[in-house]
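I sat down with this model today and kept a few notes as I went. Here is what I looked up, in order.

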Amino acid sequence: MIKLKDVAAIVPCHRKKERCLTIRGYKLPLCARCTGILVGYLFFPILIVFHLQLPIWLGLLLNMPMVLDGWTQKMNYRLSNNLLRLLTGILCGFGQSILIVGISERIISYVL
């Protein structure tokens, strides 16, 4: 049986305990931001199956909140929290899904 810890081990994440989410007393092995990104990736199959063609600029735009959250925290302008990390991670994962699908479809249509 594959365990969540084994799957999470391949994800590059700092795994700081204070930034990991806790669900029913179980501390998740990834930080809130990485967990959010992975949750955002769940939109990928939906985009593929339903042939949703969202603009690439939207994918780029959805990555900006996480970039700004991480950058302002790194520069010590403010302190982020796990809820904000989770939400910006979800937006980023969704945005990356849009980028991957959109760019892949453009490459495929160009080649074919």
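Before starting on what covers helix 2, I fixed my term: contact means heavy atoms within 4.5 Å. I also kept in mind that this is a predicted model.

Entry 1, helix 2. I asked how many of the residues of helix 2 are buried. The count is 7 of 9, so I wrote the helix down as mostly covered, with buried meaning under 20% relative accessible area. The buried ones are A32, R33, C34, T35, G36, I37 and G40. Then I looked for what covers them, and the list includes strand 1 (20–23), strand 2 (26–31), helix 3 (43–49), helix 4 and helix 5.

Entry 2, helix 2 against helix 5. I checked how the two axes run: they come within 6 Å and cross at roughly 35°. The crossing is right-handed. On the helix 2 side, the contact is made by A32, R33, T35, G36, I37, V39 and G40. On the helix 5 side I noted several partners, among them N82, R85, L86, G89, G93 and S97.

Entry 3, helix 4. I turned to residues 56–74, a helix of 19 residues. From first C-alpha to last it reaches 27 Å, close to the 27 Å expected at 1.5 Å a residue. Where does helix 4 bend? I found a bend of about 25° at M64, with a proline, P65, following within four residues. After the helix comes N76, whose phi is positive, near 60°.

Entry 4, the buried residues of helix 4. I listed I56, G59, L62, N63, M66, D69, T72 and Q73 as buried. These pack against helix 2 (32–40) and helix 5.

Entry 5, V67. This residue is also found in helix 4. Is V67 buried, partly exposed or exposed? Its relative accessibility is 44%, and since partly exposed lies between 20% and 50%, V67 counts as partly exposed. I also looked at V67 and T88: they are 21 residues apart in sequence, and their C-alpha atoms are 8.5 Å apart in space.

Entry 6, the core. I asked which residues make up the largest nonpolar core. There are 5 in all: L47, L62, F94, I98 and V101. Helix 5 (residues 82–111) gives the largest share of this core, 3 residues. I followed L62 a little further and, leaving aside neighbours within four places in sequence, found L62 in contact with L91, C92, F94, G95 and I98.

Methods: Residues numbered from 1 in each chain as written. Predicted model: local features only at pLDDT ≥ 70, side-chain atom pairs only at ≥ 80, totals over all residues. Heavy atoms only, no water. Core = buried A, V, L, I, M, F, W, Y, C linked by side-chain atoms within 4.5 Å. Buried < 20%, exposed > 50% of the residue type's maximum accessible area, 1.4 Å probe, protein only. Expected span 1.5 Å × (residues − 1). Bend = angle between axes of the 7 residues up to and from the residue. Axes fitted to C-alpha atoms, helices over the stretch in contact; angles between N-to-C directions. Left-handed = near helix turned anticlockwise from the far one by under 90°.
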